[in-house]
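Student: I am new to this structure and would like a close look at a single part of it. Could you take me through that part slowly, and then show me what lies around it?

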Amino acid sequence: MSGIYESITELVGKTPLLALNGYAREQKLEARLLGKLEYCNPNQSVKDRIALSMIEDAEKKGLLRPGDTIAETTSGNTGIGLAALAAAKGYRFRVYIQDQVSRERYQVIHAFGGETVRLSEEPVLAQVLAETDGDFVAAAKALKDNVLDQQKDVLFVNQLDNEANPGAHYRTTGPEIWEDTNGKVDILVATVGTGGTISGAGRYLKEKNPQIHIVGVQPGRGSLPSPENPTPEEITGVHPFIGIPSERIPPVLDRSVYDEVIEVETGHAYEAARAVARADGILIGTSSGAAIHAATQLARRPENKGKHIVMILPDTGLRYLSTPLYGEKAENAI
């Protein structure tokens with residue numbers, strides 16, 4: 001009975017590449033846009049890959065025992081993947097999660113039996129975030145040093161500084177893209193959160209063909225908090241990595257991999273995601289919209305005519321139904 005799977009761990013990866021033909025026609029693009037649909041993972045996001053990789057790496061190293069608690073800090077999708085896989089493997093799970101993420105993310109983690117702690121509810125984290133203007137790298141270190149290291153039977157997987165994060169993409173995402181395109185990939189576009197996706201997949205593809213152009217996507221200035229606009233509509237899970245102090249960049253981000261960085265405002269990401277939903281019938285999240293907007297700019301360059309542009313589309317739009325992405329319009333986010 002070879003068609004039967006025994007665990008969701010066997011369903012992670014092997015996501016399809018979809019040509020966004022409807023969108024490309026509407027935009028009059030002459031490059032070929034290929035979206036890697038990471039919502040086809042069992043828990044609808046690219047983060048299933050690193051969740052499985054980090055858990056199994058910890059198991060191999062003897063860091064996890066039955067009944068232990070896995071802990072992480074995240075904007076949501078890593079938490080969902082970890083919660084589901086922890087449930088499947090018999091571990092407890094606790095996530096320290098950003099306050100502003102969509103309601104759906106909390107609900108899904110709770111459905112898997114996970115515990116959620118808002119960052120503002122943990123005094124140490126709230127203080128660090130306030131003092132560092134939202135530095136999530138510093139917050140993760142404070143969480144480890146001041147909270148989790150004091151607790152027994154708790155493993156902090158720490159996606160920001162865990163080589164099993166980019167390792168997952170080096171072993172799976174990169175090879176899948178190479179194989180599914182028969183090596184005919186010219187440009188890879190990926191949004192940067194922890195940096196694991198672009199680092200792992202980008203490194204693999206560069207090893208196969210050093211001429212592949214790797215493009216990282218970060219939020220535009222208008223989509224980041226500032227004194228003039230302290231609470232903008234942000235691109236959930238996507239963080240700046242250019243023009244900020246090096247200590248605020250996740251250690252797993254390999255800055256030698258990418259060739260170019262494109263900034264995208266939240267409103268433009270919304271517009272691209274909505275356009276693709278209408279043109280190609282796929283429902284994606286804000287970070288996916290950001291990747292598509294960046295790829296659109298690349299496709300309009302004369303030198304990229306006829307090229308294959310692969311975009312990693314991290315998650316499903318079903319986690320954004322309570323946000324302005326598919327609710328009220330977000331003209332003010334541009």
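**A close look at Ile-309 and its surroundings**

Tutor: Let us start with one residue of this predicted model, Ile-309, which, once residues up to four places away in sequence are set aside, touches Ala-31, Arg-32, Leu-33, Leu-34, Ile-187, Val-189, Ala-295, Leu-298 and Ala-299. Ile-309 belongs to the largest nonpolar core, a set of 35 residues, and it is one of the six that touch the most other members, the others being Tyr-23, Leu-33, Val-189, Ile-292 and Met-311. Two of those, Leu-33 and Val-189, are also found among the residues that Ile-309 touches.

Several elements build this core, and each of the following supplies at least two of its residues: the helices are helix 1 (21-27), helix 9 (266-280) and helix 10 (286-299), while the strands are strand 2 (32-37), strand 7 (187-191), strand 8 (213-219), strand 9 (260-264) and strand 10 (308-313). Helix 10 contributes the most, with seven residues. There is also a second core, separate from this one and made of 25 residues, among them Ile-70, Ile-80, Val-95 and Ile-109.

From the core we can step to the loop between helix 1 and strand 2, where Glu-30 is found. Is Glu-30 buried or exposed? Its relative accessible area is 53%, and because anything over 50% counts as exposed, Glu-30 is exposed. Apart from its neighbours within four places in sequence, Glu-30 is in contact with Lys-305 and Gly-306. Gly-3 lies 27 residues from Glu-30 along the chain, and the C-alpha atoms of the two are separated by 40 Å.

On the other side of strand 2 comes the loop between strand 2 and helix 2, and this loop holds Gln-44. Most residues other than glycine have a negative phi. Gln-44, however, has a positive phi of about 65° although it is not a glycine, and with a relative accessible area of 31% it is partly exposed. Asp-153, in the loop between helix 6 (136-146) and strand 6 (154-156), also is not a glycine and yet has a positive phi, of about 60°; its relative accessible area is 43%, and Asp-153 is partly exposed.

The loop that holds Gln-44 leads to helix 2, so we can follow that helix to its partners. The axes of helix 2 (residues 47-60) and helix 7 (residues 164-180) come within 8 Å and cross at roughly 125°, so the two helices are oblique to each other, and their crossing is right-handed. On the side of helix 2 this contact is made by Arg-49, Ile-50, Ser-53, Met-54 and Asp-57, and on the side of helix 7 by residues including Ala-164, Ala-168, His-169 and Glu-176. By type, the residues of this contact divide into four nonpolar, five polar and four charged.

Helix 2 also packs against helix 3 (residues 77-89), at an angle of about 50° and with the axes 8 Å apart. Helix 2 and helix 3 are therefore oblique to each other, and this crossing is right-handed. Among the residues that make the contact are Ile-50, Leu-52, Met-54 and Ile-55 of helix 2, together with Gly-81, Leu-82, Leu-85 and Ala-86 of helix 3. Here the division is eight nonpolar, three polar and five charged.

Technical notes
Residues are numbered from 1 along each chain as its sequence is written. This is a predicted model: local features need pLDDT of at least 70, side-chain atom pairs count only at pLDDT 80 or more; totals for chains, interfaces and linings use all residues. Side-chain values use heavy atoms; hydrogens and water are left out. A nonpolar core is a set of buried Ala, Val, Leu, Ile, Met, Phe, Trp, Tyr and Cys residues joined through side-chain atoms within 4.5 Å. Buried means under 20% relative accessible area, exposed over 50%, partly exposed in between (1.4 Å probe, protein chains only). Helices (H or I, at least four residues) and strands (E, at least two) are DSSP runs, numbered from the N terminus. Contact means heavy atoms within 4.5 Å. Axes are lines fitted to C-alpha atoms, for helices over the stretch in contact, and angles run from 0 to 180 degrees between N-to-C directions. Angles under 35 degrees count as roughly parallel, over 145 as roughly antiparallel, 65 to 115 as roughly perpendicular and the rest as oblique. A crossing is left-handed if the near helix is turned anticlockwise from the far one by less than a right angle, and right-handed if clockwise. Ala, Val, Leu, Ile, Met, Phe, Trp, Tyr, Cys and Pro count as nonpolar, Asp, Glu, Lys and Arg as charged, and the others, Gly among them, as polar.
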